[in-house]
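Good morning, and thank you for making time on the agenda. I would like to take the group through one model, beginning with its ligand and then turning to its core and one group of strands.

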Amino acid sequence: MGILDKVLPGRSKKDILSEKAAERIHSWMKVFFGDVYPHRFTSDEKLADFIRENEYSCVGQSHSYNGVQVVPGMNAVLMGKSTLDECDCNVSSGTITCGPSTTIEELKRVLLEHDLKMFNSGNYMAQTVIGALVTGTHGYGEKATMADGITELTFLNGRGMPVTLKRGDPDFPYAAISFGTIGPIISVTLEATELVSYQSDAWITRLSKKDLLKKGSVATSWAVVPYSDPEDPLIMLHSLRPASEGKQAQKTKPKLFSWSWLAMLIIERYWAIDRMFPRFRRPLQRLANRLNIRSHRRTITDKRDLDYLYDPEPLLKSQRSPDILTGLFSTTHTAYNLAFHVPLDRAEDVVKFIMIEVEKWQSLRFYMKSLIGVRELSDKSSLPLAGNFRGPTAAIDLFADTRDYAWLERLQREVLSYFDDVRPHWGKSAIVPEFAGSLGYEEMERLSDLHRHHYPEGNLKPNERVRKLFDLGRPMASASIEMVRSD
Ligand SMILES: Cc1cc2nc3c(=O)[nH]c(=O)nc-3n(C[C@H](O)[C@H](O)[C@H](O)COP(=O)(O)OP(=O)(O)OC[C@H]3O[C@@H](n4cnc5c(N)ncnc54)[C@H](O)[C@@H]3O)c2cc1C
């Protein structure tokens with residue numbers, strides 16, 4: 001990256017004079033990185049003055065895995081490291097308005113003070129609200145795409161002037177999921193909802209039992225043991241329904257010292273074994289598959305719990321050591337994560353296809369890490385570039401050791417070749433031209449037009465792969481290669 005970074009265009013008139021030191025920014029798990037000129041802001045006015053005169057890109061907390069936030073050689077407007085974090089709740093309208101530095105945890109805590117919560121969220125709360133919204137971050141169940149809750153947003157155009165778009169404005173849905181092509185977004189207003197206590201059921205079971213067990217639930221996710229039987233995989237199933245009177249927490253466990261008990265013991269410690277001995281992944285999963293474990297745990301969630309969707313026990317998951325049904329999902333600091341959306345009714349086929357593919361890749365010494373995550377987004381988004389714009393989807397999360405991340409890109413490519421309507425997650429998919437077909441050329445054109453309309457000066461520079469996919473000018477890496485050649 002070094003030599004290209006040095007010759008890349010995009011420095012500002014101002015900064016060339018001030019010669020600000022470059023800083024390296026990394027994507028989550030450090031797979032993508034680049035040297036940028038960092039800028040932090042204490043007021044919208046200073047931010048507007050800056051972007052009026054400089055070329056720039058926007059960064060939230062830099063938690064996206066796919067490097068969508070990395071534009072090497074550029075002035076990086078570090079929203080997550082700025083202090084534009086005002087957050088006001090309007091109880092009468094049931095909405096909350098926040099700035100570009102506000103994190104999801106901060107937003108949730110302000111809502112809680114007013115006995116309100118977000119409709120849905122991703123499973124990590126340190127991200128900026130705006131970074132998460134504009135990449136189509138989702139949870140599962142109804143209104144799963146967080147950006148569906150936006151009612152109004154304000155961004156600065158290329159002249160540093162604020163532009164406000166409201167739900168119902170024709171351009172609004174394109175700005176709401178715009179992954180760095182419209183920005184900086186300086187404020188969003190989101191709908192909130194009342195606190196609810198849920199009956200949270202978690203099973204270890206088989207895929208064939210899923211439909212029966214999830215009946216009547218309002219949100220379902222499942223995680224597949226990748227080296228179990230592809231005909232009928234071993235899964236961890238999680239469902240939520242509003243808690244009803246008389247339902248109690250319960251737990252069924254295998255008999256002490258039985259084979260199932262032994263398998264549970266291994267699975268409960270699997271996250272640790274997996275870290276230390278990656279080669280044991282497949283044999284351990286084959287063993288768990290043969291022992292045919294079954295378990296069920298029901299928890300009634302505390303309605304004031306901030307992360308009930310991913311961790312049904314009170315308090316935050318980060319405040320406890322991992323256990324089986326929560327700990328197994330804790331790949332946060334150990335794995336590369338690539339995700340994409342497939343139509344919900346094809347989810348089982350896609351998962352089985354992936355299992356068969358990775359089984360073959362043993363000869364290449366590639367082993368998937370952890371579980372294949374499947375979150376069901378059960379309704380349709382109104383935002384054209386959301387995963388579930390065309391209808392309900394399953395968001396499929398794949399994990400690998402960081403050094404193996406490129407295998408996940410190969411899996412994504414295989415799925416794109418064999419299945420229709422595979423759509424990207426803007427913070428986790430490899431952003432490739434093959435997505436254009438499922439996104440729709442007209443919808444893509446609308447976002448490109450919106451970008452050109454508000455940034456005719458070309459001072460806002462999105463990530464190179466976004467520029468290429470949306471035809472927003474030449475990716476800068478190739479421009480710099482030409483500069484190197486002509487030198
Ligand atoms: C541990 C972990 C767990 C995750 N869990 C989930 C999950 O459960 N569900 C899910 O869907 N995703 C999940 N993600 C993905 C994550 O939510 C997104 O990648 C999100 O964008 C990260 O937010 P950020 O603040 O770090 O944004 P960044 O990664 O810094 O930026 C993302 C994009 O937003 C743009 N941007 C940022 N701020 C602004 C602004 N103010 N104005 C305009 N553009 C802006 C950037 O230019 C970039 O294009 C997870 C990621 C991690 C690391």
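The largest share of the shell around the ligand comes from α5, which contributes four residues. Before I continue: this is a predicted model, in which local features need pLDDT of at least 70, side-chain atom pairs count only at pLDDT 80 or more, and totals for chains, interfaces and linings use all residues. Residues are numbered from 1 along each chain as its sequence is written.

Helix α5 covers 129-134, and both α5 and β3 (56-59) supply at least two residues of the shell. Helices here are DSSP runs of H or I with at least four residues, strands are runs of E with at least two, and numbering starts from the N terminus. In total, 35 residues surround the ligand, and the closest are Gly60, Gly131, Gly180, Gly183 and Gly427. A residue is near the ligand if its C-beta atom, placed from the backbone, lies within 6 Å of it.

What is the make-up of this shell in nonpolar, polar and charged residues? It divides into 21 polar residues, 13 nonpolar and one charged. Nonpolar means Ala, Val, Leu, Ile, Met, Phe, Trp, Tyr, Cys and Pro; charged means Asp, Glu, Lys and Arg; the others, Gly among them, count as polar. Domain 1 (1-196 + 431-487) and domain 2 (198-430) each give the shell at least three residues; the domain bounds come from an automatic or database assignment.

I turn now to the core. The largest nonpolar core has 118 residues, of which Leu133, Ile396 and Leu398 touch the most other members. This core also draws at least three residues from each of the two domains. Such a core is a set of buried Ala, Val, Leu, Ile, Met, Phe, Trp, Tyr and Cys residues joined through C-beta atoms within 7 Å, where buried requires 20 or more other C-beta atoms within 10 Å of the residue's own, again placed from the backbone. Of the protein's 487 residues, 47% count as buried.

Finally, the strands. Strand β8 (residues 150-156) runs antiparallel to β10 (residues 185-191), with five bridges joining them, and Phe155 has Ile185 as its bridge partner in β10. Five bridges also join β8 to the antiparallel strand β9 (residues 162-166), where Thr154 is partnered by Thr164. Pairing requires at least two DSSP bridges between strands. β8 and β9 form a hairpin with five residues between them, and Gly160 in the turn has a positive phi of about 80°.

Definitions and conventions:
A residue is buried if 20 or more other C-beta atoms lie within 10 Å of its own, exposed if 12 or fewer, and partly exposed in between; C-beta atoms are placed from the backbone.
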